[in-house]
Amino acid sequence: MRLIGFAGWSGAGKTTLLARLIPVLVARGHRVSTIKHAHHEFDVDKPGKDSHTHRVVGASEVLVSSANRWALMHELRGAPEPDLPELVSHLAPVDLVLVEGFKRDHHPKIEIHRAEVGKPFIHPQDPFVVAVASDAPLPGLPLPVLALDDVEAIADFVDQHAAPIDGIAWRPDAGQSAG
């Protein structure tokens, strides 16, 4: 399994890029999984569903299964948020793991940058950023610059720069990952 991240400020277009990139990588024959960092109180379940009731009344894990898919929900119940390596360990083997968020972790990342968002670059403080995908030219940048709308070129870059998971030196201060 190989992994590469996509980091950027809210509104930069990380999810939009991944929605366009995943089909290109799958068409190239890759099996792809994703891990997305969410903030605090997200929920994938709905009140009124049996699985939601099971969680609300105290189940630590609820696994829902059907002929089409299965999903496992794990309640932390006050325990620390798992770090990225632990989350990766829960995935079934695939060719590529694309990580959205976790911008403070020590894995190769493509920074997604849009000038209109008005936020500073991440790469000057993050040596794990290996390229910047932007909607505008960025002359003089010390990293490869990819056109945000050139999904084929970004897929080529992912193919060349995603790191083998067993070779990633995960951050020593794990457990504080975010966005």
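# Pockets, cores and one helix: a friendly Q&A

About 230 Å³ of space lies in the second largest pocket of this predicted model.

Me: Happy to start there! Which residues lie nearest the centre of the second largest pocket?
Reply: The lining of this pocket has 18 residues. By class, they divide into four nonpolar, nine polar and five charged. Those nearest the centre are G8, W9, S10, K14 and H39.

Me: And the largest pocket: how much space lies in it?
Reply: This pocket is lined by 34 residues, and F42, L72, M73, H74 and L87 are the closest to its centre. Sorted by class, the lining has 15 nonpolar, seven polar and 12 charged residues. The space in the largest pocket comes to about 1,800 Å³.

Me: Which element gives the most to the lining of the largest pocket?
Reply: The elements that supply at least two residues each are β2 (32–36), α2 (50–56), β3 (61–65), β4 (70–74) and α3 (84–89). With five residues, the one that gives the most is β4.

Me: Let's go inside. Which residues touch the most other members of the largest nonpolar core?
Reply: This core has 22 residues. Two or more of them come from each of β1 (2–7), α1 (14–27), β5 (96–100), β6 (109–113), β7 (129–134) and α4 (151–161). A second, separate core of 11 residues includes V97, V99, A163 and I165. In the largest core, the members touching the most others are F6, L21, L98, I110, I112, I154 and V158.

Me: F6 is in that group, so to speak; what is F6 in contact with, leaving aside its neighbours within four places in sequence?
Reply: Among its contacts are the core members L21, L98, I110, I112, I154 and V158. The rest of the list is K14, L17, L18, V99, E100 and G101.

Me: Why are the buried residues of α4 on the same side of the helix?
Reply: The buried residues here are V151, I154, A155, F157 and V158. An α-helix has 3.6 residues a turn, so residues three or four places apart point the same way. The buried residues of α4 share one side because they cover an arc of only 160 degrees around the axis.

Me: Which elements do those buried residues pack against?
Reply: The residues in question include I154 and V158, both named in the largest core too. Their packing partners are β1, α1, β5, β6, β7 and β8 (145–147).

Me: How far apart are the C-alpha atoms of A155 and L25?
Reply: A155 lies in helix α4, and it counts as buried because its relative accessibility is 0%, under the 20% cut-off. Beyond its neighbours within four places in sequence, A155 is in contact with L21, V24, L25 and R28. Although A155 and L25 are 130 residues apart along the chain, their C-alpha atoms are separated by 6.4 Å.

Me: Is H113 buried or exposed?
Reply: H113 lies in strand β6. Not counting residues up to four places away in sequence, H113 touches K119, F121, V132, A133, S134 and D135. Its relative accessibility is 9%, so H113 counts as buried.

Me: One last stop: which residues line the largest cavity?
Reply: The structure holds one cavity of 30 Å³ or more, and the largest has a volume of about 30 Å³. Its lining divides into four nonpolar, one polar and two charged residues. The lining residues are W9, A12, I112, H113, R114, V117 and K119.

Technical notes
Residues are numbered from 1 along each chain as its sequence is written. This is a predicted model: local features need pLDDT of at least 70, side-chain atom pairs count only at pLDDT 80 or more; totals for chains, interfaces and linings use all residues. Side-chain values use heavy atoms; hydrogens and water are left out. A nonpolar core is a set of buried Ala, Val, Leu, Ile, Met, Phe, Trp, Tyr and Cys residues joined through side-chain atoms within 4.5 Å. Buried means under 20% relative accessible area, exposed over 50%, partly exposed in between (1.4 Å probe, protein chains only). Helices (H or I, at least four residues) and strands (E, at least two) are DSSP runs, numbered from the N terminus. Contact means heavy atoms within 4.5 Å. The arc is that of the directions from the helix axis to the C-beta atoms. On a 1 Å grid over the protein atoms alone, a cavity is a set of points where a 1.4 Å probe fits but cannot get out, and a pocket is an open set with protein on both sides within 12 Å along at least five of seven lines; lining residues have an atom within 4 Å of a point. Grid points are joined across faces, edges and corners, and a volume is the space filled by probe spheres set on the points. Ala, Val, Leu, Ile, Met, Phe, Trp, Tyr, Cys and Pro count as nonpolar, Asp, Glu, Lys and Arg as charged, and the others, Gly among them, as polar.
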